[in-house]
Amino acid sequence: MDIVDIKKDFPILENKNITYLDSGATTQKPTKVIKAIEEFYEKYNANPHRGAYSLSIEATEVYENTRTKIANFINSRSREEIIFSKNATESLNLIAYSYGLDNLKKDDEIVLSIMEHHSNLVPWQMVSKKTGSNLKYMYINSEFEISDEEIESKITDKTKIVGITHVSNVLGTINNIKKIIKYAHKKGAIVVVDASQSIPHMKIDVQELDCDFLVFSGHKMLAPLGIGVLYGKKELLNKMNPFIMGGDMIEYVHEQETTFAPLPNKFEAGTQNVEGVIGLGAAIDYISEVGYNNIQKIEKEVTEYAIEKLRKLDFLDLYLTPNTQNHCSVISFNIKGVHPHDVASILDTEGVCVRSGNHCAQPLLRSLGMDSTCRASFYFYNTKEDVDKLIKALKKAYEMFKKYIDNI
Ligand SMILES: Cc1ncc(COP(=O)(O)O)c(C=O)c1O
C-alpha cells in the first residue's frame, strides 16, 4: 500500500484546511471506514441475532466475523473473550461493577497508577467505597515513569486489582505493563490494562502480556465513535454477572428468574452498535494494511522532529519523559504564564487543533502541581509540515501574550 501520502485517505484532512493534532482525543476516519459503514446501510442493514431472514443473517455474520477479526488482531485465545461495548469507559465500568463489586472485600487493595484517565479511576473509587477496600496509587518519578521500586512497594499480598494505562494520555509515557502484570500475578492480583492510547500505535498481544482484562475505544484507532472493546480471560468472564440486563443476553426468562446466555452475549444486552462494529473491522483492516511498523516509523519521525523543535522554544514548558524509547506520540506543554485554553484558541486561528485542559487526568496533573496543559497528539497521517505549522502558531501565540507574561 502507498504510505507516501496517507492524508489522501482521510477526506476531512483533504477537505478542511486544518492541522489536526488531537488524535489522542479521537482520530480522523479513512475513506475505507466511511465506505464500509455506508455499504452496511445500503446493502445489509438489519438487527443481528434477531431475524431468521437472510438480511439479518448477513448482518449477524458481519458482526460476528468482526469479533473474530478483533480476537485475531489482539491474539485472544477465543472470540468469546471479545465483548463489544460503547467505549473504553463502558468496558472499564463493566469490569468494576461485574468483577470489582463481587470480588473485593473490606481491606483488600486496588492499585492504580496516578496516570490513569478518570475512566479507569472513578469506577474504582466507587468499588472501593462500596466494598470497604482501599485505593492506592503508584506515583511517577521525575522522569515521568513508574519505577520498579514503586511497583514493588505498592502491589502487595493485599492487592486484588491493578489498573494500569499502557500509555499515558497526558505524558505519552509507555508503561512497563509486562513487568506490572507479572509482579501483580505473583502477588495474586488481576490486572486491568487500559490500551486506549496504545493500540492505535502498537501491536497488542493479550496472550503475551497475560493481562486479565484489556479495554480500548474504536474511535481512537480510526473507527467510529461509540464502539469499544473489552477483552477478558474466559475463566473470569464466565464467573462474572452481567452488567446490563435486557434483550439478547438471556437464555430463558421466567416470571421471577432468568438464566443468562453464554459468552459473549451475556455482556451484550440490547441492540448493538453494528455500524460501529463494522467500522472498527474496516479500521483494523486499514491499520493492518499500513502495518504497525510503518505507523511507528512515521510517528517516531514526526514526534522526534516535534520534540526537537519544541525544545528550542524557550517560552514553553514541556512535560515528557527524557527517555524517548519510552514515549509515544503525545506531547503536553504550556506557554509559561499563559492559560492553555488561551493558547489553544490562538492556535485554532491558525487552523491548528490541539487539546487543552486536564485531559480527564486531574489526579495526575495535581500531582505535578498543575491543573491543565496543551496537548499535541500525533498519528501516522501527520507530517513534519504539521509540526512546522504548530511551531509557527505557537510563536504567534507567544508574541500576542508576551507583554502580559512580562508583567507577571
Ligand atoms: C488513556 C485513556 N483511557 C480511557 C479513555 C476513555 O475513552 P472513551 O472516552 O472513548 O471511553 C481515554 C480517552 O481519552 C484515554 O485517553
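Me: How do the residues of the shell around the ligand divide into nonpolar, polar and charged?

Reply: First, a caution: this is a predicted model. The shell divides into 1 nonpolar, 10 polar and 2 charged residues.

Me: How many residues surround the ligand, and which are the closest?

Reply: To be counted as near, a residue needs a heavy atom within 4 Å of the ligand. Here 13 residues surround the ligand. The closest are Thr89, Asp194, Gln197, Ser217 and Lys220.

Me: Which atom of the ligand does the polar side-chain atom of Thr89 lie 2.5 Å from?

Reply: Look for pairs of N or O atoms within 3.5 Å. For Thr89, the partner is an oxygen atom of the ligand. Ser217 also has a polar side-chain atom by a ligand oxygen, at 2.6 Å. Ser196 has an N or O side-chain atom 3.4 Å from a nitrogen atom of the ligand.

Me: How much of the ligand's accessible area does the protein cover?

Reply: On its own, the ligand has 390 Å² of accessible area. The protein covers 89% of that.

Me: Now the sheet. What is the order of the strands in the open sheet of 4 strands?

Reply: The general idea: strands pair through backbone hydrogen bonds, either parallel or antiparallel. In this sheet the order is S11-S12-S15-S14, and the pairing is antiparallel.

Me: Which strands stand at the edges?

Reply: Strand S11 (316–319) and strand S14 (355–357) do. Each has a single partner strand, so one side of each is left without a neighbour in the sheet. From one strand to the next, the twist averages 30°.

Me: Over how many bridges do S12 and S15 pair?

Reply: Strand S12 (residues 330–335) and strand S15 (residues 373–377) pair over 4 bridges, in the antiparallel sense. Find Phe333: it stands opposite Cys374 in S15.

Me: Which helix packs on the sheet?

Reply: Helix H11 (residues 292–311) does, touching S11 and S12. The direction of H11 makes about 15° with that of S12.

Me: Last, the backbone. Is the peptide bond from Leu263 to Pro264 cis or trans?

Reply: The general idea comes first. Most peptide bonds are trans, and most residues other than glycine have a negative phi. The bond from Leu263 to Pro264 is cis, with omega near 0°. Pro264 is in the loop between strand S10 (258–260) and helix H10 (274–290).

Me: And Asp248: is its phi positive or negative?

Reply: Positive, at about 75°, although Asp248 is not a glycine. To find Asp248, go to the loop between helix H9 (234–239) and strand S9 (250–253).

Definitions and conventions: Residues are numbered from 1 along each chain as its sequence is written. This is a predicted model: local features need pLDDT of at least 70, side-chain atom pairs count only at pLDDT 80 or more; totals for chains, interfaces and linings use all residues. Side-chain values use heavy atoms; hydrogens and water are left out. A polar contact is a pair of N or O atoms within 3.5 Å; within protein, one must be able to donate a hydrogen and the other to accept it, and residues adjacent in sequence count only if both atoms are side-chain atoms. Accessible areas come from the Shrake-Rupley method with a 1.4 Å probe; for residues, only the protein chains shown count as cover. Ala, Val, Leu, Ile, Met, Phe, Trp, Tyr, Cys and Pro count as nonpolar, Asp, Glu, Lys and Arg as charged, and the others, Gly among them, as polar. Two strands pair if DSSP finds at least two bridges between them. Helices (H or I, at least four residues) and strands (E, at least two) are DSSP runs, numbered from the N terminus. Axes are lines fitted to C-alpha atoms, for helices over the stretch in contact, and angles run from 0 to 180 degrees between N-to-C directions. Contact means heavy atoms within 4.5 Å.
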